[in-house]
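Biologist: Before I plan anything further, I should like a close look at a single part of this model. Please describe the sheet, strand by strand, together with its surroundings.

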Amino acid sequence: MAIFKFYQIYRSIKEELGEDMAVKLFPEYSTLPDKMPPEEQAQLGKAIMDRMDELLDNDTIARVRRKHCCNLSKRQIAEINELKEKCKDIDEFCIEYSKLLSPGYVKKDGDHLTVSFGWNKCVCGMFRKLDEYEPVSKTWCECCNGHVIKTFSMVCDKTVSSEIQEAVACGGKDCIFQISLL
């Protein structure tokens with residue numbers, strides 16, 4: 001089987017746009033080796049994203065990239081559920097959850113939350129092992145944005161939307177998301 005992260009990308013494209021488009025956007029998939037150095041993986045990820053940016057609109061890319069985003073770990077779910085029970089409201093939750101995210105944070109302003117990962121390093125499995133890489137399109141980070149949406153939909157017990165404000169993989173200093181509580 002191909003490297004799992006590439007399998008997820010190909011699978012997401014195929015499920016959303018069909019086999020022909022998956023092959024067009026990711027022609028290397030059928031010949032991927034079982035292992036690749038991290039630098040080559042990052043280069044391939046960037047090439048796939050460049051093709052997607054050229055051929056697809058941003059809403060379609062976001063839908064594809066969010067399709068199979070990272071899930072919360074059992075530990076993270078337990079921590080969030082414990083905090084939800086302990087905290088009287090979302091304001092208190094944000095303060096307590098920020099302690100878990102430190103040096104990241106969650107700040108509430110009206111119907112909006114600002115979430116910072118605070119690592120000053122990309123958390124994405126494609127880039128986190130690398131000290132240097134060519135920045136990628138912000139649309140690549142829609143996968144992490146999907147994770148943020150999934151997390152805060154669970155936290156708030158309702159649908160939320162999120163927008164990427166800044167991302168390390170794109171050349172930013174932090175990964176910051178603006179969440180709207182709908």
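Modeller: In what follows, helices (H or I, at least four residues) and strands (E, at least two residues) are DSSP runs numbered from the N terminus. The model is a predicted one, in which local features need pLDDT of at least 70 and side-chain atom pairs count only at pLDDT 80 or more, while totals for chains, interfaces and linings use all residues. Residues are numbered from 1 along each chain as its sequence is written, and side-chain values use heavy atoms, with hydrogens and water left out.

The setting comes first. The protein contains seven helices and four strands, which follow one another along the sequence as α-α-α-α-α-α-β-β-α-β-β. Six helices therefore precede β1 and β2 in that pattern, and one helix separates these two strands from the final two. Its C-alpha trace spans about 55 × 35 × 30 Å along the principal axes.

The four strands make an open sheet in the order β1-β2-β4-β3, and their pairing is antiparallel; strands count as paired if DSSP finds at least two bridges between them. The edges are taken by β1 and β3 (160-166), each of which has a single partner strand, so one side of each lacks a neighbour in the sheet. From one strand to the next the twist averages 20°.

The pairing can be followed from the β1 edge inward. Strand β1 covers residues 105-109 and strand β2 covers residues 112-116, and five bridges hold them in the antiparallel sense. Within this pair, Lys107 stands opposite Thr114 of β2, and the bridge partner of Lys108 is Leu113 in β2. The two strands form a hairpin with two residues between them, and Gly110, in the turn, has a positive phi of about 65°.

On its other side, β2 meets β4 (residues 176-181), again antiparallel and again through five bridges. Here Leu113 reappears, standing opposite Ile179 in β4. Leu113 thus links both pairings: it faces Lys108 in one and Ile179 in the other.

Helix α7 (residues 142-156) lies across β1, β2, β3 and β4, and runs at about 140° to β3. Contact here means heavy atoms within 4.5 Å; axes are lines fitted to C-alpha atoms (for helices, over the stretch in contact), and angles run from 0 to 180 degrees between N-to-C directions.

Two loops beside these strands deserve attention. Most residues other than glycine have a negative phi, and most peptide bonds are trans. In the loop between α6 (90-101) and β1 lies Pro103, and the peptide bond that joins Ser102 to Pro103 is cis, with omega about 15°. In the loop between β2 and α7 lies Asn120, whose phi is near 55°, a positive value in a residue other than glycine.

To summarise, β1 is an edge strand that follows the loop holding Pro103 and pairs with β2 through five bridges. Strand β2 pairs in addition with β4 through five bridges, and α7 lies across the four strands β1, β2, β3 and β4.
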